Amino acid sequence: MHQTHKGSCLCGAVELTVTGNPVAEGFCHCSSCRNWAAAPVNAFTLWKPDAVKITKGADSIGVYHKTEKSYRKFCKTCGGHLLTDHPLWGVIDVYAATIPSFHHEPKLHVNYADTVLRIKDGLPKMKDMLSEMGGSGDTLAE
């Protein structure tokens with residue numbers, strides 16, 4: 001049985017669900033994610049597009065398109081961040097904080113060469129991205 005988790009923006013104007021299991025989850029340390037999240041690290045959960053559904057407020061979603069790799073989506077009412085669509089990789093990053101009932105179990109850190117917050121948790125620290133996603137695939141020491 002697939003589990004479904006509900007999430008929303010800060011004000012609740014936009015609601016979404018994720019169903020099943022993410023294809024990957026971890027932490028991103030790139031400057032774009034840090035700036036977008038206004039935090040030293042972003043907790044990500046990557047889902048296949050058919051696992052993510054907007055259930056309320058689709059007309060309230062704004063999009064910030066910085067690169068072809070990322071379409072960051074937010075609530076136009078409260079500015080709350082919702083998800084990032086990564087069409088080149090065929091996944092959607094629903095921020096772990098957006099889906100509070102989901103138990104985030106990170107498996108790796110990406111873009112760790114850019115970190116501003118060292119985290120010693122025993123997880124692999126990717127210099128940039130996995131080679132399958134166009135990165136070097138190199139890991140760094142904690």
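Here are four short exercises with worked solutions on this predicted model.

**Exercise 1. Work out what secondary structure the protein has and in which pattern it runs.**

Start with the inventory: the secondary structure comes to one helix and 12 strands. Next, follow the chain from its beginning. The pattern reads β-β-β-α-β-β-β-β-β-β-β-β-β.

**Exercise 2. Decide how the radius of gyration of the protein fits that of a compact globule.**

Step one is the expectation: for 142 residues, a compact globule would have a radius of gyration near 14 Å. Step two is the value for this model, 15 Å, which agrees. Step three adds the outline, since you may like to picture it: the C-alpha trace spans about 45 × 35 × 25 Å along its principal axes. Now look at the inside and the surface. Of the 142 residues, 44% count as buried. The accessible surface comes to about 7600 Å², and 54% of this belongs to carbon and sulfur atoms. Finally, take the contacts between residues at least 6 apart in sequence: 49% of them join residues at least 24 apart.

**Exercise 3. Find which parts of the chain the salt bridge between Lys56 and Glu15 links, and classify both residues by accessibility.**

First, check the distance. The closest N and O atoms of Lys56 and Glu15 are 3.8 Å apart, and the cut-off for a salt bridge is 4 Å. Then place the partners: Lys56 sits in strand β5 (residues 52-56) and Glu15 in strand β2 (residues 15-19). The two are 41 residues apart, so the pair links distant parts of the chain. For accessibility, partly exposed lies between 20% and 50% relative accessible area. Lys56, at 39%, counts as partly exposed, and Glu15, at 31%, does too.

**Exercise 4. Take the salt bridges of Lys107 and Lys125, and tell which residues are buried or partly exposed.**

Begin with the charges. The protein has 15 positive and 14 negative side chains, and the centres of the two sets lie 4 Å apart. Side chains of opposite charge can pair when their charged atoms come close. The count here is four salt bridges.

Now go through the two named lysines:

- Lys107 pairs with Glu105, with closest N and O atoms 4.0 Å apart. Lys107 is partly exposed at 46%, and Glu105 is partly exposed at 41%.
- Lys125 pairs with Asp121, with closest N and O atoms 2.8 Å apart. Lys125 is buried, at 1% relative accessibility, whereas Asp121 is partly exposed at 34%.

As a last step, widen the view around Lys125: Asp121, Lys125 and Glu142 are linked in a network of salt bridges.

Terms used
Residues are numbered from 1 along each chain as its sequence is written. This is a predicted model: local features need pLDDT of at least 70, side-chain atom pairs count only at pLDDT 80 or more; totals for chains, interfaces and linings use all residues. Side-chain values use heavy atoms; hydrogens and water are left out. Helices (H or I, at least four residues) and strands (E, at least two) are DSSP runs, numbered from the N terminus. The radius of gyration is taken over C-alpha atoms; the globule rule is 2.2 Å times the number of residues to the power 0.38. Buried means under 20% relative accessible area, exposed over 50%, partly exposed in between (1.4 Å probe, protein chains only). Contact means heavy atoms within 4.5 Å. Accessible areas come from the Shrake-Rupley method with a 1.4 Å probe; for residues, only the protein chains shown count as cover. Lys and Arg count as positive and Asp and Glu as negative; His and the chain ends are not counted. The place of a charge is taken as NZ of Lys, CZ of Arg, CG of Asp or CD of Glu. A salt bridge is a side-chain nitrogen of Lys or Arg within 4 Å of a carboxyl oxygen of Asp or Glu.
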